[in-house]
Amino acid sequence: MPERNIVSWNGLVSGYIKNGMINEAREAFEMMPERNVVSWTAMVKGYVQEGMVAEAETLFWRMPERNEVSWTVMLGGFIDDRRVDDARRLYDMMPVKDVVASTNMIGGLCKEGRVDEARMIFDDMRDRNVITWTSMVTGYCQNNRVDIARKLFEVMPEKTEVSWTSMLLGYTLSGRMEEAEAFFEAMPVKPVIACNAMIVGLGERGEIAKARRVFDSMNERDDATWRGMIKAYERNGFELEAIDLFGVMQRQGVRPSFPSLISVLSVCGALASLEYGRQVHAHLVRCRFDVDVYVASVLMTMYVKCGELVKAKLVFDRFPSKDVIMWNSIISGYASHGLGEEALKVFHEMPSSGTMPNKVTIVAILTACSYAGKVEEGVEIFESMESRFCVAPSVEHYSCTVDMLGRAGRIDEAMKLIETMTVKPDATVWGALLGACRTHSRLDLAEVAAKKLFEIEPENAGPYVLLSSINASRANWGDVAEMRKDMRNKNVSKFPGCSWIEVDKKVHTFFRGDIRNHPEKTLISMILEKTEGLLREAGYSPDCSHVLHDVDEEEKMDNLRLHSERLAVAYGLLKLPEGVPIRVIKNLRVCRDCHAAIKLISKVMEREIILRDANRFHHFKKGVCSCKDYW
């Protein structure tokens, strides 16, 4: 330029600042032959925008003159930097306090919980705009003073979408959902952020149907909408609905966010939905999220719960620097699959890698020892955990050790351990003992454990069922009937057993004895008959000892034949091609008869069957189970 004046110099400085080139802006500023208040203010604003508040402050105090904008910019810098005391001192020094400065100061004070101080500034203002009113309402809501916020909201001379949404968020964040619902209905316009807040709030209260109605009513949705609805389903046990919604999300071309993918991964693990799990893994790889240690842990958990332990180990081995969560995940994975030797190997490698076991690690390895019958190794770890790893035994560690001794038939030792516990035994401890008593038919100690469980969890049907099972195995039908009567009188209901299987990316759920409503019930019945015939030829003899009804043998056999896991396996045989493993999940522990039957099915049908029950995995192949019948 043949000629430059202060306007062109200011333009150059502002141009650099708008493009984030703060150092170049400062060089130009220093070269200026003369500067005015605009030059100085632009430079201060640039430093504030870049988060360099200390540099902005130094320059601000060097300014030969300041205008309202200069003061307001510096005030905003202090507030953004959470230097509220400095901001308050500057505010008090300001010769003119315009609406913008006062509103900023109100917002800054409210964020620090100084609501009463903010209200004093609010009350002293001669002119307020809708942003000022909204800031004050928001401040009260942020600090859980919702009733005062509502009173102020009601007297606002003008309200915007932001004002309405701020008030609604006050209700949802404080958990006052009934008032939030009424307020939401009254809103003249329901912006996306308000709808999202309702979905999250209702989801946290377990009101899934209402959350879905809000979701369905929305004309526009953003990433937080889908994320909130999927999370609501996942948190409340609606895994099938979460998977369905994820499918809709994909079909509509919505790119899932990181939190959505993590929620769906958790759902895939819960449902053992391997196909969707692989899809989510692919998304994470494409977005380069898979290099995160936390993501790796969630991926490992998903693959473990889907029965893909080899894949989980591949994810584990990829990471050179593993945190304790990753170590815990792989040990827990081996534990749930009954691979005690492998779990112990990894456990002993852990300290040499520089990661010390924590209390979760000890629970995982004790569980592994319990499921694999590694009693001596498990007892040694339990007795030395405090001296070796500085982890004091908690109720979870005692529970695992009681379970480990009980499974091995050392029930008297388990009882002695309970009597010497340094913490009060809880339901998991007595439940572990009761389960062992059922396995080894120890009615004497079973009654002791059941009595304790009735006191701790009077509404839990589990102890009644286990005690009834022991009595049924001894044909004590009078005691079984008495138990059932006691359950009815106390309004205790048994949780229904169900199993599910994924076929063609759709999860099919089966309940005991009920395929009447399934569209392919005829074909399922034919498969059941076919397998029954093959099982009889192979020498299968039903174990009716734990059927909880005094009925004839034929009815007992029908009862066992239609257990939910048998129905799910039959559907897998019907729908899945040869060579594809049949993966079934059951919400309760598999019964002994079904375990024996599925072992034989894997042999006579020449299929690999992977069953995950409430406790662990069973890999059936060629008539053998991975648990080696120790479960």
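**View 1. In this predicted model, helix α17 passes helix α18 in a left-handed crossing.** The contact between the two helices is built from F258, L261, V264, L265 and C268 on the α17 side, and from Y276, G277, V280, H283 and L284 on the α18 side. Sorted by character, the residues of this contact comprise 8 nonpolar and 2 polar ones, with no charged residue taking part.

**View 2. The axes of α17 (residues 258–271) and α18 (residues 274–286) come within 9 Å of each other and cross at roughly 155°.** Because angles over 145 degrees count as roughly antiparallel, α17 is described as roughly antiparallel to α18.

**View 3. Six strands form an open sheet in the order β2-β1-β3-β4-β5-β6, and their pairing is mixed.** The edges are occupied by β2 (506–511) and β6 (624–625), each of which has a single partner strand, so that one side of each is left without a neighbour in the sheet.

**View 4. Strand β3 (residues 582–586) runs antiparallel to strand β1 (residues 498–503), whereas β3 and β4 run parallel.** The β1 and β3 strands are joined by 3 bridges, and I501 stands opposite V584 in β3. Between β3 and β4 there are 4 bridges, and here V584 stands opposite L611 in β4.

**View 5. Strand β4 (residues 609–612) is covered on both of its faces.** On one side lie I609 and L611, on the other I610 and R612, and all of these residues are buried. L611, which belongs to the first of these pairs, is the residue that stands opposite V584 of the β3 strand.

How values were computed: Residues numbered from 1 in each chain as written. Predicted model: local features only at pLDDT ≥ 70, side-chain atom pairs only at ≥ 80, totals over all residues. Heavy atoms only, no water. Axes fitted to C-alpha atoms, helices over the stretch in contact; angles between N-to-C directions. Parallel < 35°, antiparallel > 145°, perpendicular 65-115°, else oblique. Left-handed = near helix turned anticlockwise from the far one by under 90°. Contact = heavy atoms within 4.5 Å. Nonpolar A, V, L, I, M, F, W, Y, C, P; charged D, E, K, R; others polar. Pairing = 2+ DSSP bridges. Buried < 20%, exposed > 50% of the residue type's maximum accessible area, 1.4 Å probe, protein only.
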